[in-house]
Amino acid sequence: MGPLRGVCAASGGAGAELERLAREAIEPQEESTARAFLRHQPSLGFAISAARAWVEEVNASGHSLRARLEQAVAECAYALAQQQPGSLVVVVSNDRPLVGRIQELNWGSPTSAPSL
């Protein structure tokens with residue numbers, strides 16, 4: 001068996017939110033963390049993905065930031081799975097509602113797991 005390869009991707013919505021937090025977060029720690037992630041992102045191997053595929057909104061009336069980010073992550077994961085059939089797409093998150101939502105969609109490839 002050869003070496004394992006993979007790509008770490010963040011949705012475009014998550015990338016935009018990180019950029020916003022780096023500029024204008026309310027909490028100084030959030031701003032510092034966002035800036036550090038963006039600064040080190042290339043060396044960490046993370047790519048901001050523009051991949052999007054329509055996924056039915058679970059909470060159509062919820063247009064909160066949290067709901068929009070959840071939607072963006074689900075759309076990105078689904079699009080990546082469609083673009084790479086036969087590959088495993090893993091969503092790692094400590095956001096229980098997002099993990100539950102991904103698991104409820106019953107896609108062939110995407111799998112979710114809580115982060116450690």
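## Two cysteines

C8 is partly exposed, since its relative accessible area is 37%, and the cut-off for a buried residue is under 20%. C76, by contrast, is buried, because its relative accessible area is 4% and this lies under the 20% limit. The count of disulfides in the protein is 0. These values come from a predicted model.

## Overall fold

The protein contains 4 helices and 4 strands. Followed along the sequence, these elements are arranged in the pattern β-α-α-β-α-β-α-β. The protein has 116 residues, and 31% of them count as buried.

## The nonpolar core

The largest nonpolar core consists of 8 residues: A51, C76, A77, A79, L80, A81, V89 and V91. Helix α3 is the main contributor to this core and provides 5 residues. In soluble globular proteins, nonpolar side chains tend to be buried together.

One member of this core, A81, is found in helix α3. A81 counts as buried because its relative accessibility is 10%, and the limit for this class is under 20%. Another member of the core is A51. A81 and A51 are 30 residues apart along the chain, and their C-alpha atoms are separated by 9.9 Å.

## The largest pocket

The largest pocket has a volume of about 1400 Å³. Its lining is formed by 36 residues, and those nearest the centre of the pocket are A9, A10, F46, V73 and V92. By type, the lining residues are 22 nonpolar, 8 polar and 6 charged.

Several elements of secondary structure take part in this lining. Strands β1 (8-11) and β3 (90-93) each supply at least two residues, as do helices α1 (12-24), α2 (28-44) and α3 (65-83). Helix α3 provides the largest share of the lining, with 8 residues. Helix α3 also gives the most to the largest nonpolar core.

## Helix α4

Helix α4 spans residues 96-104, and its buried residues are L98, V99, R101 and I102. When the helix is viewed down its axis, these buried residues fall within an arc of 160°, so they line one face of α4. The face turned away from this buried side carries two exposed residues, R96 and E104.

P97 also has its place in helix α4. With a relative accessible area of 43%, P97 is partly exposed, because this class lies between the limit of 20% for buried residues and that of 50% for exposed ones. P97 and E70 are 27 residues apart in sequence, while the distance between them in space is 8.6 Å from C-alpha to C-alpha.

Note on methods. Residues are numbered from 1 along each chain as its sequence is written. This is a predicted model: local features need pLDDT of at least 70, side-chain atom pairs count only at pLDDT 80 or more; totals for chains, interfaces and linings use all residues. Side-chain values use heavy atoms; hydrogens and water are left out. On a 1 Å grid over the protein atoms alone, a cavity is a set of points where a 1.4 Å probe fits but cannot get out, and a pocket is an open set with protein on both sides within 12 Å along at least five of seven lines; lining residues have an atom within 4 Å of a point. Grid points are joined across faces, edges and corners, and a volume is the space filled by probe spheres set on the points. Ala, Val, Leu, Ile, Met, Phe, Trp, Tyr, Cys and Pro count as nonpolar, Asp, Glu, Lys and Arg as charged, and the others, Gly among them, as polar. A nonpolar core is a set of buried Ala, Val, Leu, Ile, Met, Phe, Trp, Tyr and Cys residues joined through side-chain atoms within 4.5 Å. Buried means under 20% relative accessible area, exposed over 50%, partly exposed in between (1.4 Å probe, protein chains only). A disulfide is a pair of cysteine sulfur atoms within 2.5 Å. The arc is that of the directions from the helix axis to the C-beta atoms.
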